[in-house]
Amino acid sequence: MNEAMSTFTTGRLAMLPLRVEHAEEMADVLGDPALHTFIGGAPDTVEELRARYRRMLAGSPDPAVTWLNWVVQLRDEERLVGTVQATVGGGVAEIAWVVGTGWQGRGFATEAARGLVAWLGEQGVGTLVAHIHPEHHASAAVATACGLAPTDEWEGSEVTWRLSR
């Protein structure tokens, strides 16, 4: 896999490689406690996000695993609306996405996740996995739109979804 982080685009969105400087705007995007309904916890402050982004950008402590993180930008407005990420190792990518509540319901999560799936395919990643709470119907719809299907496997309280190509 080409590990170089690059910007990639879809019709309405640009996936920009994560930078610490994104923390301030992303704190607003991710600031709704409702985003934590299925994942638990509470929204991070700007400083907590900066610290998290520094850790993420330092990379995985396992040299066989690559962490890839992008912010999702609404191209027409140059406004950040969410994130997509992949943890890649051994030809498998665990993927995740989140779109701030103010931008939900407009297909941005599906568009961003499909863009991520396509980008990973171009990098030669053959298997994609996502972990989705069984009651999180919106994320299940995104995963389905990306070609993933639920399995009988569980990761904690989440169902493992998979696409092998």
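The lining of the second largest pocket divides into nine nonpolar, four polar and two charged residues. That is a handy place to start a walk through this predicted model, so let us stay with this pocket for a moment.

**Two pockets**

The second largest pocket holds about 210 Å³ of space. Its lining counts 15 residues, and those nearest the centre are Met5, Met56, Leu57, Gly59 and Trp67. Two elements, α2 and β3, give two or more residues to this lining. Strand β3 provides the largest share, four residues.

The largest pocket encloses about 1400 Å³. Here 46 residues form the lining, with Ile39, Thr83, Ala96, Trp97 and Val98 nearest the centre. Seen by element, α2 (46-58), β3, β4, β5, α3, β6 and α4 (137-145) each supply at least two residues. The largest share of that lining, six residues, belongs to β5. By class, the lining of the largest pocket has 25 nonpolar, 15 polar and six charged residues.

Here are the two pockets side by side:

| Pocket | Space | Lining residues | Largest share of lining |
|---|---|---|---|
| Largest pocket | about 1400 Å³ | 46 residues | β5, six residues |
| Second largest pocket | about 210 Å³ | 15 residues | β3, four residues |

**The sheet and its helix**

Now to the sheet. Eight strands make up an open sheet with mixed pairing, in the order β1-β2-β3-β4-β5-β6-β8-β7. At its edges are β1 (8-9) and β7 (149-155), each of which pairs on one side only. Helix α3 packs on this sheet and touches β1, β2, β3, β4, β5 (92-99), β6 (127-132) and β8 (158-164). The direction of α3 makes about 160° with that of β5.

**Strand β3 and its partners**

Strand β3, already met in the pocket linings, deserves a closer look. How many of the residues of strand β3 (residues 66-74) are buried? Eight of the nine are, so the strand is largely enclosed by the rest of the structure. Buried in this sense means under 20% relative accessible area.

On one side, β3 runs antiparallel to strand β2 (residues 13-17), and five bridges join the two. Within this pairing, Leu13 has Leu74 of β3 as its bridge partner, while Leu16 is matched with Val71 in β3.

Strand β3 also pairs with strand β4 (residues 79-89), again in the antiparallel sense, over nine bridges. Trp70 stands opposite Val84 in β4. The hairpin of β3 and β4 has four residues between the strands, and Glu78 takes a positive phi near 50° there. When you look along these strands in the viewer, a general rule may help: in a regular strand, side chains alternate between the two faces of the sheet.

**A residue on helix α3**

Finally, pick out Ala109, which lies in helix α3 (residues 108-122). Is Ala109 buried or exposed? Its relative accessibility is 17%, so Ala109 counts as buried, the cut-off being under 20%. Setting aside neighbours within four places in sequence, Ala109 is in contact with Trp97, Val99 and Val142. One of these, Trp97, is also among the residues nearest the centre of the largest pocket. For a sense of distance, Ala109 and Ala51 are 58 residues apart in sequence, and their C-alpha atoms are 25 Å apart in space.

Key:
Residues are numbered from 1 along each chain as its sequence is written. This is a predicted model: local features need pLDDT of at least 70, side-chain atom pairs count only at pLDDT 80 or more; totals for chains, interfaces and linings use all residues. Side-chain values use heavy atoms; hydrogens and water are left out. Buried means under 20% relative accessible area, exposed over 50%, partly exposed in between (1.4 Å probe, protein chains only). Two strands pair if DSSP finds at least two bridges between them. Contact means heavy atoms within 4.5 Å. Axes are lines fitted to C-alpha atoms, for helices over the stretch in contact, and angles run from 0 to 180 degrees between N-to-C directions. On a 1 Å grid over the protein atoms alone, a cavity is a set of points where a 1.4 Å probe fits but cannot get out, and a pocket is an open set with protein on both sides within 12 Å along at least five of seven lines; lining residues have an atom within 4 Å of a point. Grid points are joined across faces, edges and corners, and a volume is the space filled by probe spheres set on the points. Ala, Val, Leu, Ile, Met, Phe, Trp, Tyr, Cys and Pro count as nonpolar, Asp, Glu, Lys and Arg as charged, and the others, Gly among them, as polar.
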